[in-house]
Amino acid sequence: MTTAFDPIDLAGLRLPNRIAMAPMTRSRAFGPDLSPTASTAAYYAQRASAGLIVTEGVQPSVVGQGYPDTPGLHSDAQVAGWRAVTDAVHAAGGRIFAQLMHTGRIGHPSLLPGGLRPVGASPVAARGQVHTADGPQAFVVPEPLNEDGIRRTVEDHARAARNAVRAGFDGVEVHGANGYLVHQFLAPNSNTRTDAWGGDPESRARFAVEVVGAVADAIGAHRTGLRLSPGNSLGDIDEPEPEATYLALLRGLESVAPAYLHLVETGDRALTLELRKRFGGVLILNARTAGRPSGLPELALVEDGTADVVSYGALFLANPDLPRRLRAGGPFNTPDRATFYGGGERGYTDYPALDG
């Protein structure tokens with residue numbers, strides 16, 4: 001029987017176990033030009049025993065930023081900052097992918113330079129507020145991307161993927177989940193277009209297919225993953241019938257053949273199983289846990305074949321040696337939610353390993 005502690009081949013990259021560190025925004029890009037710091041390198045290196053680390057969301061362009069102090073991969077200073085991170089992770093024996101996260105309409109003009117405004121699939125504002133340096137601000141109506149804007153945004157992702165390889169990353173995960181730009185194109189309430197980029201499921205899936213395809217062309221499909229969260233309502237997303245959209249997306253990706261699909265499970269397990277059946281690569285699952293944090297029970301998802309790899313978020317944040325703790329059955333440090341976003345070393349690099 002295969003277990004979560006067995007190795008797996010990820011399109012030529014050997015993972016020593018099937019326990020992944022999920023991407024988690026930490027808002028600590030205090031280096032030059034929103035680049036990571038020495039603390040960022042220490043944070044990820046501490047967690048190098050993961051089968052795979054996926055970084056916090058990294059904006060592929062200036063306008064892709066939606067929160068304060070989140071890092072980018074669109075400048076030389078950012079590439080240099082991330083090189084220190086990947087060197088530290090590799091020196092500790094780890095493997096690390098950069099998650100490219102364009103937040104689209106989730107953001108605010110005060111977070112952007114030069115009079116830029118958030119962009120989106122359509123001029124439809126998300127309900128709710130975003131945290132800014134001036135406190136909570138209501139989401140604004142985004143500038144809808146025209147054909148040229150779509151093409152530039154696709155190329156921004158490809159350029160950021162090339163920068164990720166320059167920075168020493170083993171690959172890139174495209175963030176198509178949690179209400180951000182790619183998800184905004186997928187969802188019918190945030191994509192009201194009537195052109196070739198909206199309307200039916202195939203047209204709403206086209207942007208995701210183009211972005212993943214451009215990244216795969218830039219750095220190789222074996223270095224490319226995609227994160228999805230069918231039915232997830234984050235970012236004021238409404239997908240009442242997600243199955244048709246996500247099956248259309250997988251059909252569109254057949255010729256691209258990305259290395260993995262990273263599912264954030266928010267709905268019925270039946271859709272997860274259907275997507276697993278239709279996807280030819282590795283399936284990483286961040287499982288739905290019905291109100292409790294992910295933990296020991298999720299290891300069984302590898303054993304019963306539901307997923308190839310399981311990913312952990314907050315539990316990995318608080319337990320730098322999580323694979324060891326899971327194998328031992330615990331104990332586990334408790335995540336301090338007050339230190340999740342922003343701040344210094346507390347709640348970042350000071351969680352103890354089992355050996356202290």
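Start the tour at Arg-83, which is partly exposed, with a relative accessible area of 34%. The model on screen is a predicted one.

**Stop 1: a pair in helix 2**

With Arg-83 selected, add Asp-87. The two form a salt bridge, and their closest N and O atoms are 3.5 Å apart. Now show helix 2, residues 76-91: Asp-87 and Arg-83 are four residues apart in this helix, so about one helical turn separates them. Asp-87 is also partly exposed, at a relative accessible area of 40%. This pair belongs to a wider set, since a search of the whole structure finds 19 salt bridges.

**Stop 2: from helix 3 to helix 5**

Select Arg-151 and Glu-210 next. Their side chains meet in a salt bridge, 3.2 Å from N to O. Arg-151 sits in helix 3 (residues 147-166) and Glu-210 in helix 5 (residues 201-219), so this pair ties together parts that are 59 residues apart in sequence. Arg-151 is partly exposed, with a relative accessible area of 37%. Glu-210 counts as partly exposed too, at 26% relative accessibility.

**Stop 3: Glu-265 and Arg-269**

Move on to Glu-265 and Arg-269, whose side chains form a salt bridge with an N to O distance of 2.5 Å. Is Glu-265 buried or exposed? Glu-265 is buried, with a relative accessible area of 7%. Its partner Arg-269 counts as partly exposed, at 30% relative accessibility. Before leaving the salt bridges, select Glu-147, Arg-151, Arg-206 and Glu-210 together: salt bridges that share partners join these four residues into one network.

**Stop 4: His-157 in helix 3**

Keep helix 3 displayed and select His-157, which is found in that helix. His-157 is buried, with a relative accessible area of 2%. Which residues does His-157 touch, not counting those up to four places away in sequence? They are Pro-60, Leu-100, His-102, Val-211 and Val-215.

**Stop 5: helix 5 against helix 6**

Show helix 5 and helix 6 (residues 242-253). Two packed helices are described by the angle between their axes and by the distance between those axes. For helix 5 and helix 6 the angle is about 45°, and the axes are 8 Å apart. The two helices are therefore oblique to each other. Helix 5 passes helix 6 in a right-handed crossing.

To see the contact itself, select these residues:

- from helix 5: Pro-201, Glu-202, Arg-204, Ala-205, Ala-208, Val-209 and Val-212
- from helix 6: Ala-244, Thr-245, Ala-248, Leu-249, Arg-251, Gly-252 and Leu-253

Coloured by class, the residues in the contact of helix 5 with helix 6 divide into nine nonpolar, two polar and three charged.

**Stop 6: helix 6 against helix 7**

Leave helix 6 on screen and add helix 7, residues 269-278. Helix 6 and helix 7 pack at an angle of about 15°, and their axes are 10 Å apart. That makes helix 6 roughly parallel to helix 7. Their crossing is right-handed.

On the helix 6 side, select Pro-242, Glu-243, Tyr-246, Leu-247 and Leu-250; these meet Leu-271, Glu-274, Leu-275 and Arg-278 in helix 7. By class, the contact of helix 6 with helix 7 has six nonpolar, no polar and three charged residues.

**Stop 7: Val-264 in strand 12**

Select Val-264, which is found in strand 12 (residues 260-264). With a relative accessible area of 10%, Val-264 is buried. Add Arg-227: the C-alpha atoms of Val-264 and Arg-227 are separated by 7.3 Å, although the residues are 37 apart along the chain. Leaving aside neighbours within four places in sequence, Val-264 is in contact with Asn-178, Arg-227, Leu-228, Ser-229, Pro-230 and Asn-286.

**Stop 8: Thr-55 in strand 4**

The last selection is Thr-55, found in strand 4 (residues 52-58). Thr-55 counts as buried, at 0% relative accessibility. Its C-alpha atom is separated by 8.9 Å from that of Glu-173, a residue 118 places away along the chain. To show what surrounds Thr-55, select its contacts beyond four places in sequence: Pro-23, Met-24, Tyr-44, Trp-82, Ile-96, Phe-97, Ala-98, Gln-99 and Phe-169.

Definitions and conventions
Residues numbered from 1 in each chain as written. Predicted model: local features only at pLDDT ≥ 70, side-chain atom pairs only at ≥ 80, totals over all residues. Heavy atoms only, no water. Axes fitted to C-alpha atoms, helices over the stretch in contact; angles between N-to-C directions. Parallel < 35°, antiparallel > 145°, perpendicular 65-115°, else oblique. Left-handed = near helix turned anticlockwise from the far one by under 90°. Contact = heavy atoms within 4.5 Å. Nonpolar A, V, L, I, M, F, W, Y, C, P; charged D, E, K, R; others polar. Buried < 20%, exposed > 50% of the residue type's maximum accessible area, 1.4 Å probe, protein only.
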